[in-house]
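Here is a small set of exercises to help you find your way around a new structure. Try each task yourself before reading its solution.

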Amino acid sequence: MEKKIHLVARQPQKPKLLRVVGYARVSSGKEAMLHSLAAQVDYYQNLICNTPGWQYCGVFSDEAFTGTKEERPGFQKLLEKCRNHEVDIIITKSISRFARNTVTLLETVRELKLLGVDVFFEKENLHSTSGDGELMLSILASFAQEESKSVSDNMKWRIQTNFKEGMPWNATLLGYRYDNGVLMVVPTEAEVVRFIFESYLDGAGTQKIANELNAKGKITRKGCTWHKSSVMKILCNYTYTGNLILQTTYLSDHITKKPCKNNGELPKYHVEDAHEPIISMEQYLAVQAEINRRTEQYQRCNGQKTIYPFTGKLVCESCGKHYQRKKTATGYVWICSTFNREGKSACPSRQIPEKVLEQLSADVLKTVEFDVEQLEKQIEYIDICQDCTVKFHICDGRVETRTWQIRSRAESWTHEMREEARRKSCRKSQ
Ligand SMILES: [Zn+2]
């Protein structure tokens with residue numbers, strides 16, 4: 001039997017209507033709100049009903065508060081409707097109307113996208129699910145950063161307000177604890193602060209003070225051992241006088257949060273008698289004067305190099321650098337600067353006593369005693385060799401060589417004996 005095949009005419013498919021809702025935020029104040037709400041409901045109703053393929057599913061609205069905490073019952077209802085898959089499109093006036101907080105907005109838009117709900121922002125002419133939507137999200141992300149900046153600005157503002165009220169915002173200071181807006185003295189720590197100030201005025205240096213504190217088992221406010229720099233920080237801290245200078249540092253920007261020295265970019269605040277002093281103003285000022293005096297003295301000593309008779313004349317045969325004068329327990333010696341700085345591994349040269357240099361010079365120059373003037377006149381430079389020979393380069397071109405003996409524990413040792421000892425020690429270490 002022949003199969004009859006009927007072609008069934010397909011019913012023209014009724015296009016599925018997209019379920020569209022409006023979301024409005026209306027200004028607060030009853031009169032204005034009602035007016036605004038009525039106007040917006042009208043507006044969305046007209047827009048949705050007059051768009052082919054759209055089905056009007058209502059308008060949700062919330063009152064716009066000026067405060068930061070937002071409760072939006074209308075918005076919550078709208079979200080619930082979306083989660084029940086009863087909405088395809090949300091129309092709203094603008095990004096700022098949809099959510100005040102960009103982070104919330106991003107989260108919401110992403111959730112809605114997963115639910116298949118498109119958000120259309122009229123002002124920006126953007127569909128969250130369109131190709132532009134992704135771009136919009138990235139733009140919104142940059143808005144989010146701007147918002148974080150304004151939050152940071154608020155923080156700065158709050159800190160500045162604290163400063164204006166005479167309160168430090170970061171009080172990790174040895175000797176004090178920040179309690180209810182006031183710095184309170186911690187007696188055991190205050191003792192350490194006084195010890196530092198008194199020792200310094202008694203002539204001790206910062207390194208010596210640090211060593212003494214460490215020997216006593218004292219630690220810094222941050223729980224570290226003491227160093228020159230941490231002692232100096234205590235000595236320079238004006239807070240110990242009971243007064244405050246606030247905002248000496250500030251945070252540069254909201255992303256790196258790097259503290260910067262305030263060189264007048266922001267106002268500084270001086271607060272007198274802000275808290276109980278640990279150090280008297282007189283003692284503090286005396287310490288500051290002493291710090292300046294020692295700094296100047298140090299700079300004078302280092303800025304002006306003393307010239308000795310052999311300065312710039314002695315050349316290290318091993319590395320070619322000049323020799324330096326150095327004080328030792330047995331008197332002055334001259335030592336290769338490389339050896340002095342970096343040790344024997346950098347230069348195997350030998351140090352030579354100043355007395356020996358003077359004797360050899362007198363011998364070469366044929367003077368009864370060491371004669372600085374003749375040395376200056378006749379000797380161009382002097383090579384100091386490893387094997388205890390010294391080569392005098394005389395201005396007329398001659399070179400005179402002299403040898404000397406190391407006078408210490410091995411005063412009577414000959415060159416051969418030393419060589420033998422060296423060989424033995426080499427064998428031992430191999
Ligand atoms: Zn050298």
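**Exercise 1. Glu317 and its partner**

Task: In this predicted model, find which residue forms a salt bridge with Glu317, and where the two partners lie.

Solution:
- Step 1. Look around the side chain of Glu317: the salt-bridge partner is Lys391, and the closest N and O atoms are 4.0 Å apart.
- Step 2. Place both residues. Glu317 sits in the loop between strand E12 (314-316) and E13, while Lys391 belongs to strand E17 (residues 389-394). The pair therefore links distant parts of the chain, 74 residues apart.
- Step 3. Check how open they are. Glu317 has a relative accessible area of 42% and is partly exposed; Lys391, with 28%, is partly exposed too.

**Exercise 2. A link from a strand to a helix**

Task: Work out which parts of the chain are tied together by the salt bridge between Arg325 and Glu354.

Solution:
- Step 1. Start with the contact: the closest N and O atoms of Arg325 and Glu354 are 2.8 Å apart.
- Step 2. Arg325 lies in strand E13 and Glu354 in helix H11 (residues 354-365), so the salt bridge ties together parts that are 29 residues apart in sequence.
- Step 3. Arg325 is partly exposed, at 26% relative accessible area. Glu354 has a relative accessibility of 12% and counts as buried, because the cut-off for buried is under 20%.

**Exercise 3. A salt-bridge network**

Task: Find which residues are linked with Asp396 in a network of salt bridges.

Solution:
- Step 1. Begin with one pair: Asp396 forms a salt bridge with Arg398, with the closest N and O atoms 3.0 Å apart.
- Step 2. Widen the view. The network links Asp363, Asp396, Arg398, Glu400 and Arg402.
- Step 3. Compare the accessibility classes of the starting pair. Asp396 is exposed, with a relative accessible area of 53%, whereas Arg398 is partly exposed at 41%.
- Step 4. Put this in context: the count of salt bridges comes to 15.

**Exercise 4. The zinc site**

Task: Identify which atoms coordinate the zinc ion, and decide what geometry the site has.

Solution:
- Step 1. List the donors: the SG atoms of Cys316, Cys319, Cys336 and Cys347, at 2.2 to 2.4 Å from the zinc ion.
- Step 2. Read their spacing along the sequence, which is C-x2-C-x16-C-x10-C.
- Step 3. Judge the angles. The 4 donor atoms give angles of 98 to 116 degrees, and four donors count as tetrahedral if all angles lie between 85 and 135 degrees. The site is therefore tetrahedral. For comparison, the ideal angle for four tetrahedral donors is 109.5 degrees.
- Step 4. Look at two of the donors. Cys316 is buried, at 2% relative accessibility, and Cys319 is partly exposed, with 31%.

**Exercise 5. Cysteines and disulfides**

Task: Explain why Cys388 does not bond to the closest cysteine sulfur.

Solution:
- Step 1. Find the closest cysteine sulfur to that of Cys388: it belongs to Cys385.
- Step 2. The distance is 9.8 Å, too far for a bond, because a disulfide needs sulfur atoms within 2.5 Å.
- Step 3. Note that Cys388 is buried, with a relative accessible area of 3%.
- Step 4. Check the total: the count of disulfides is 0.

**Exercise 6. An open sheet**

Task: Determine which strands stand at the edges of the sheet with the order E13-E14-E15.

Solution:
- Step 1. This is an open sheet of 3 strands with antiparallel pairing.
- Step 2. Strand E13 (323-328) and strand E15 (352-353) are at the edges: each has a single partner strand, so one side of each lacks a neighbour in the sheet.
- Step 3. Follow one pairing. Strand E14 (residues 331-336) meets E15 over 2 bridges, and Trp334 has Ile352 in E15 as its bridge partner.

**Exercise 7. Two sides of a helix**

Task: Sort residues of helix H8 (residues 228-235) into buried or exposed.

Solution:
- Step 1. The buried residues are Ser230, Val231, Ile234 and Leu235.
- Step 2. These cover an arc of only 145 degrees around the axis, which puts them on the same side of H8.
- Step 3. The face turned away from that buried side carries the exposed residues Ser229 and Lys233.

Key
Residues are numbered from 1 along each chain as its sequence is written. This is a predicted model: local features need pLDDT of at least 70, side-chain atom pairs count only at pLDDT 80 or more; totals for chains, interfaces and linings use all residues. Side-chain values use heavy atoms; hydrogens and water are left out. Two strands pair if DSSP finds at least two bridges between them. Helices (H or I, at least four residues) and strands (E, at least two) are DSSP runs, numbered from the N terminus. Donors are N, O and S atoms within 2.8 Å of the metal (3.2 Å for Na, K and Ca); water is not among the atoms, so sites may look incomplete. Four donors count as tetrahedral if all angles lie between 85 and 135 degrees; four count as square planar and six as octahedral if opposite donors are over 155 degrees apart and all others between 65 and 115; anything else is irregular. Buried means under 20% relative accessible area, exposed over 50%, partly exposed in between (1.4 Å probe, protein chains only). The arc is that of the directions from the helix axis to the C-beta atoms.
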